[in-house]
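Visitor: I am new to this structure. May I ask how its descriptions are justified?
Guide: Please do. Here it is.

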Amino acid sequence: MNENRTPSAVDPNRRRWLQVLAAAPVLAGAAAAPVPARAAVKTSTRIVIAGSGLGGIAVANRLARMLDGARITIIDRKEEHNYQPGYTLVATGVWPVEKVQDRNADYQPAGVEWVKDMVAGFDPSANTVVTAGGQRIPYDFLVVAVGVQLDYAQIEGMDVGAIGTDKAPGLTSVYPGPQAAQATWAAMQAFTAKGGNAVMTLPATPLKCAGAPLKMSFMLRDRLFKAGTLGSSKISFQSALGNVFGVKVVNDNVLERWKALGIDVEFSRRLTAIDIGARRATFMSPEGEKQEMPYDFIHVVPPMRAPDAVKNSDLAWKEGPFAAGGWLEVDKGTLQHRRFPNVFGIGDINGTPRGKTAATVKKSAPLVAHNLVEVIAGRKADEAFDGYTSCPLITREGSAMLIEFDYEGRLTPSLPMIEPLNDSFFAWLMKYRMLKPAYMAVLKGRV
Amino acid sequence: MYEIWLAMNIVWEIALGFWPLLALGAAAWLVLLVLAWRQPAAHWRRAWPVAAGVAAAAALIGFLIVPTTTRSSLQELAYWVDWANLASIALGIGVAALAFAWPASVLWRRSIINR
């Protein structure tokens, strides 16, 4: 080979390397760059975002880029940001608890005012939010993102603080937060070491992550199997409804799997009381008939409703299927309030047919931000949400089903080759490794 | 298009979690590349078979161990989407290995010639 080549005689291989080298930062930077956006709309409007969960912060990040001059205020006392879709992984020993704990301050956009107080009430006629500390905060536009209220109080004898303590052996619940999820895993380990009688519950209200009770059941069975105590154990799933999942084809699939796995299911049985010391749960049928069940392990899923601030305000549905829970009265397409057009809803608080998951926020946050900007600009909210939501339903450690569906309960896989009802490594990998990064991108308002 | 954008963001967010390691790796790769380029007689073509062999071995190892490192197993590969997905990850590992192995192989061949 010629050792005295001039630069122009550089071989094609070398040139290709240089091209790749030059392109790499561009490709990497593309994902880090803000969403390709139109020119920001100039406005001096006051926007209040009530709640700083995924929905609230995702919309705040988007609005901060889409608007020039708007005064955006986030109201929420909570300083910790929790990756809630990871709770079931913590509660079943797949993830350490640190993976679901973060700081809200790290994700709020610059220039946004953060009022560290809880929302105590809404006065939409006066365009004002009232905080627990007594502040009255006026707005021109409001985004309600306050999430759900876990209504454990409806279960007599339930003590959330006792989860994971000696006071309540075998008492678990994945919903309250990271500590409860961690305590649930400790209780699951103790239970699977010996085996026994496990009771899994499901309330009749709309649920945040309706797949979580099913995942917990699948994983408990898997843990018993791996511990070698499945033979001396019994898992019984008590549903307050006539099904275990709202999408029929998924419901049927899960029931078929559970039949094969030996998980018993009983319907129309609502958990009304629990004796955490004596380890007895009381269920009630629609006819008012009570039945007590002893347990060695119980997973309590609380009834859920809108937080009082919404439930007791004019923003709540006043009639129809969402009135009892006090959910936010939004149009299910535009997510704009049906009576107060300067109010939008995002996330779990919305009184819509389905969708209380992070995946719902992933698809609806861009739409809410867009529709709100349209309304600020004096136009009509023109984008409609189809109710997309997703549930990576873990069937055992290492395998899951990736179920995506819309308001109508139609399966809507993002990639056409995905078989939603096949449990697979791919769906597991999504849940285990990829959905948290996707969540972070949503939180930052990029996807 | 949305799915591509989402996938790019997922990769970016995963990379953010390892950025010191990635930065170190990128620096090491650049050093390796510069050293190989500066060789008076860089036999890139002749170095290819060894580099390709290393890359293929890395891809194969990746294929075999990635399920275990994600608390799953090869037994959980249920249908072609699983196989294609795992093959893509293994391919990525192979390409990364190739990026290091090729210039390293050039240097290695040169050092043998110089002996």
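Visitor: Why is A:Tyr295 called buried?
Guide: This is a predicted model, and the call is a count. A residue is buried if 20 or more other C-beta atoms lie within 10 Å of its own. A:Tyr295 has 21 within 10 Å, so A:Tyr295 is buried.

Visitor: Where is the place of A:Tyr295?
Guide: A:Tyr295 belongs to the loop between strand E19 (290-294) and E20 of chain A.

Visitor: What does A:Tyr295 touch, not counting residues up to four places away in sequence?
Guide: A:Gly170, A:Asn197, A:Ala198, A:Val199, A:Arg279 and A:Ala281. Contact here requires C-beta atoms within 7 Å. As for A:Leu367, 72 residues from A:Tyr295 along the chain, the two C-alpha atoms are separated by 45 Å.

Visitor: What makes the side chains of strand E18 (residues 280-284) of chain A alternate?
Guide: Look at where they point. A:Ala281 and A:Phe283 point to one face and are buried. A:Arg280, A:Thr282 and A:Met284 point to the other and are not buried. In a regular strand, side chains alternate between the two faces of the sheet.

Visitor: How do you know that strand E17 (residues 270-275) of chain A and E18(A) pair?
Guide: Pairing needs at least two bridges. E17(A) and E18(A) have 5 bridges, so they pair, in the antiparallel sense. One bridge partner of note: A:Ala281 in E18(A) is matched with A:Ile274. The hairpin of these strands has 4 residues between them, and A:Arg279 takes a positive phi near 60° there.

Visitor: How many bridges join E18(A) to E19(A)?
Guide: There are 5, and the strands run antiparallel. A:Phe283 stands opposite A:Gln291 in E19(A). E18(A) and E19(A) also form a hairpin, with 5 residues between them. In its turn, A:Gly288 has a positive phi of about 90°.

Visitor: What makes E13 and E16 of chain A edge strands?
Guide: Start with the sheet. It is open, with 5 strands in the order E13-E20-E14-E15-E16 (chain A) and parallel pairing. Strand E13 (171-172) and strand E16 (263-266) each have a single partner strand, so one side of each is left without a neighbour in the sheet.

Visitor: How do you know that strand E15 (residues 234-239) of chain A and E16(A) pair?
Guide: They share 4 bridges, and at least two are needed, so they count as paired, in the parallel sense. A:Ser236 stands opposite A:Asp264 in E16(A). Helix H5 (residues 212-227) of chain A packs on this sheet, touching strand E14 (197-202), E15, E16 and strand E20 (297-299). The direction of H5(A) makes about 165° with that of E14(A).

Visitor: Which strands stand at the edges of the sheet E7-E4-E2-E11-E22 (chain A)?
Guide: This is an open sheet of 5 strands with parallel pairing. Strand E7 (113-115) and strand E22 (343-345) of chain A stand at the edges, because each has a single partner strand. Neighbouring strands are turned by 20° against each other on average, direction ignored.

Visitor: How do you know that strand E11 (residues 141-144) of chain A and E22(A) pair?
Guide: They have 3 bridges against the required two, so they pair, in the parallel sense. A:Phe344 in E22(A) is the bridge partner of A:Val143. Helix H8 (residues 358-376) of chain A lies across E11 and E22, at about 165° to E11(A). Helix H2 (residues 54-66) of chain A lies across strand E2 (46-50), strand E4 (71-75) and E11, at about 170° to E4(A).

Visitor: Which residues of the largest nonpolar core touch the most other members?
Guide: A:Val59, A:Leu63, A:Val143 and A:Val144, out of 149 residues. Helix H9 (residues 425-443) of chain A gives the largest share, 13 residues.

Visitor: Why is this core said to lie between domain 1 and domain 2 of chain A?
Guide: Because domain 1 (41-148 + 306-376) and domain 2 (152-305) both give residues to this core.

Visitor: How many residues does each domain of chain A give to the contact?
Guide: Domain 1 gives 20 residues and domain 2 gives 22. The C-alpha centres of the two domains lie 30 Å apart.

Note on methods. Residues numbered from 1 in each chain as written. Chains lettered and ligands numbered in written order. Predicted model: local features only at pLDDT ≥ 70, side-chain atom pairs only at ≥ 80, totals over all residues. Contact = placed C-beta atoms within 7 Å. Axes fitted to C-alpha atoms, helices over the stretch in contact; angles between N-to-C directions. Domains from an automatic or database assignment. Core = buried A, V, L, I, M, F, W, Y, C linked by C-beta atoms within 7 Å. Buried ≥ 20, exposed ≤ 12 C-beta atoms within 10 Å, placed from the backbone.
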